[in-house]
Amino acid sequence: MNPTPPSGPSLEDNRAIGVVNQILARAVKERASDIHLEPREQYLRVRYRIDGILQQRPSVLEAVRFAVVQRIKVLCNMDIAEKRVPQDGSFKLLYEGSELGFRVSTFPTEFGEKCVLRVLTGERPVGRLETLGMPEAVADRLRAAMSRHSGMLLACGPAGSGKTSTLYSVLHELQSAERNIVTLEDPVEHRFDGITQGQVNTRANFTFESGLRAILRQDPDVIMVGEMRDFETASIAFKAALTGHLVLSTLHTENAAEAVVRLADIGLERYLIGACLRAVVAQRLVRVLCVNCRKPVTAEASAKRMLGLPEDRAYTLYEPGACVRCASTGFQGRVGLYELLEVDEPIQEVIKSGGGKSQIEAAMRHRGMPTLRDAGWGLVREGRTSLGEVIRVV
């Protein structure tokens, strides 16, 4: 690995440089999304987040544990003398001919500074919705909502559930020479040639609220707001959706129905939510079983009932195994689970009349809209993931 030389001071400890390079190279090789360097009393614990799960790797010995964190701070041009307050930074490096980025955060602890690195593996390919693993039927229904010239489309789920990837795929399908598409993100994770993209800068008071107000003066057709965190941003976004713009954004909610309740809780009027909302896609990422070592098991009666399978027949399901190919985890890669709330007239009435989560979910079931768990059960029946994995995630 060849880190881009920092403009700040250099670090003389060659052992620390070698250890940092090994940690970064192994993380990229093992497809880690995050690297956690956690100071303990006599060593530095190293953990990688792979397919959403933290996995421990060999620790760094006491002799170089402080120098390792210092080396990373140098690469980020952080203040290496300041160890009492959190710091943020980033750096780039070359790995096997490709430029990779790392977003870094430090946090002071009892035994030193903890350091977390987000691995940004270059320009991620962005394609049609189906490339995310979204079922064709769900993608087609989402496209029907995307075809409207105005309204709000929301992607919901916890952090790390793939919401931004979904919105990027929507933008990929919407971009054309006839549309002015403007985004406001935190941060920009993929660059589009034909789209104007902005990034919030809180230090300069360039927030989601102020940025969104500025975007509305840019004659936009489609607006993407990375996240609606407060009433002011949500209010501007929904009024933009009401006045002829197609607006995309995200919310941190457990499912699609809960998104409506969250919007009302932050202060939006029910009539505005019902009038503007076109669709809400809720999602999760589940790990895919390693095809090299997955183990067939006979489905028990309780599993059959859960999956909606006849109990008088034998069915084979699959559980994780362990092999070198999957680092003995039993899984390799992840795929999305999707739940789509289409806001048609009957559901609009439920929203406007003050219906809560249970009433909206009942309306969804009545109109045949599958839930996240339904999507998960489908992957279990196909042998792509395990029953326990879906229960863990949904």
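**Exercise 1. Contacts across the chain**

Work out what share of the contacts with a separation of 6 or more in the protein chain comes from residues 24 or more positions apart.

*Solution.* Start with the contacts in the protein chain that have a separation of 6 or more; residues 24 or more positions apart account for 62% of them. Keep in mind that you're looking at a predicted model. Next, put the secondary structure next to that figure: the chain has 13 helices and 16 strands. Now check the overall dimensions. The radius of gyration is 23 Å, and the globule rule gives 21 Å for 394 residues; the two values are close, so the chain is as compact as a globular protein of that length. Along the principal axes, the C-alpha atoms fill a box of roughly 65 × 65 × 40 Å. Finally, look at burial: 48% of the 394 residues count as buried.

**Exercise 2. Two residues of one strand**

Find Leu117 and Val119 in strand S7, and decide for each whether the residue is buried or exposed.

*Solution.* Step one is the location. Strand S7 covers residues 112–120 and holds Leu117; Val119 lies in S7 too.

Step two is accessibility, and the cut-off for buried is under 20% relative accessible area. Leu117 has a relative accessible area of 0%, so Leu117 is buried. Val119 comes in at 8%, and therefore counts as buried.

Step three is the neighbours, leaving out residues up to four places away in sequence. Leu117 touches Leu24, Ser33, Asp34, Ile35, Leu37, Ile72, Phe91, Phe102, Arg103 and Val104. For Val119, the partners are Val28, Ala32, Ser33, Asp34, Ile35, Gly101 and Phe102.

Step four is sequence versus space, going C-alpha to C-alpha. Val119 and Arg31 are 88 residues apart in sequence but 8.9 Å apart in space. Leu117 and Ser176 are 59 residues apart in sequence, yet 35 Å apart in space.

**Exercise 3. A buried glutamate**

Which side chain makes a polar contact with the side chain of Glu185?

*Solution.* First, place the residue: Glu185 sits in strand S9, residues 181–185. Then check its accessibility. Glu185 counts as buried because its relative accessibility is 2%, against a cut-off of under 20%. Now for the partner: the side chains of Glu185 and Tyr168 are joined by a polar contact of 2.3 Å. To fill in the surroundings, set aside residues up to four places away in sequence; Glu185 then touches Tyr168, Gln197, Gly198, Gln199, Val200, Phe208 and Met224.

**Exercise 4. Backbone oddities**

Say where the cis peptide bond from Asp186 to Pro187 lies, then place Arg31 and Asp219, which have positive phi values.

*Solution.* Begin with the background: most residues other than glycine have a negative phi, and most peptide bonds are trans.

- The peptide bond from Asp186 to Pro187 is cis, with omega near 0 degrees. Pro187 belongs to the loop between S9 and strand S10 (196–199).
- Arg31 has a phi near 65 degrees. Look for Arg31 in the loop between helix H1 (14–29) and strand S2 (34–39). With 43% relative accessibility, Arg31 counts as partly exposed.
- Asp219 isn't a glycine either, but its phi is positive, about 55 degrees. The loop holding Asp219 runs between helix H5 (208–215) and strand S11 (222–225). Asp219 is exposed, at a relative accessible area of 62%.

**Exercise 5. A loop aspartate**

How far apart in space are Asp312 and Glu189, C-alpha to C-alpha?

*Solution.* Find Asp312 in the loop between helix H9 (301–307) and strand S15 (316–319). Its relative accessibility is 70%, so Asp312 counts as exposed; the cut-off here is over 50%. Now go across to Glu189: the pair is 123 residues apart in sequence and 50 Å apart in space.

**Exercise 6. A helix pair**

Describe how helices H7 and H11 meet, and name the residues that make the contact.

*Solution.* Two packed helices are described by the angle between their axes and the distance between the axes. For H7 (residues 256–265) and H11 (residues 357–366), the axes come within 8 Å and cross at roughly 145 degrees. H7 passes H11 in a right-handed crossing. From H7, the contact uses Ala257, Glu258, Val260 and Val261, while H11 brings Lys357, Ile360 and Glu361. Sort those by class and you get four nonpolar, no polar and three charged residues.

Definitions and conventions
Residues are numbered from 1 along each chain as its sequence is written. This is a predicted model: local features need pLDDT of at least 70, side-chain atom pairs count only at pLDDT 80 or more; totals for chains, interfaces and linings use all residues. Side-chain values use heavy atoms; hydrogens and water are left out. Axes are lines fitted to C-alpha atoms, for helices over the stretch in contact, and angles run from 0 to 180 degrees between N-to-C directions. Helices (H or I, at least four residues) and strands (E, at least two) are DSSP runs, numbered from the N terminus. A crossing is left-handed if the near helix is turned anticlockwise from the far one by less than a right angle, and right-handed if clockwise. Contact means heavy atoms within 4.5 Å. Ala, Val, Leu, Ile, Met, Phe, Trp, Tyr, Cys and Pro count as nonpolar, Asp, Glu, Lys and Arg as charged, and the others, Gly among them, as polar. Buried means under 20% relative accessible area, exposed over 50%, partly exposed in between (1.4 Å probe, protein chains only). A polar contact is a pair of N or O atoms within 3.5 Å; within protein, one must be able to donate a hydrogen and the other to accept it, and residues adjacent in sequence count only if both atoms are side-chain atoms. The radius of gyration is taken over C-alpha atoms; the globule rule is 2.2 Å times the number of residues to the power 0.38.
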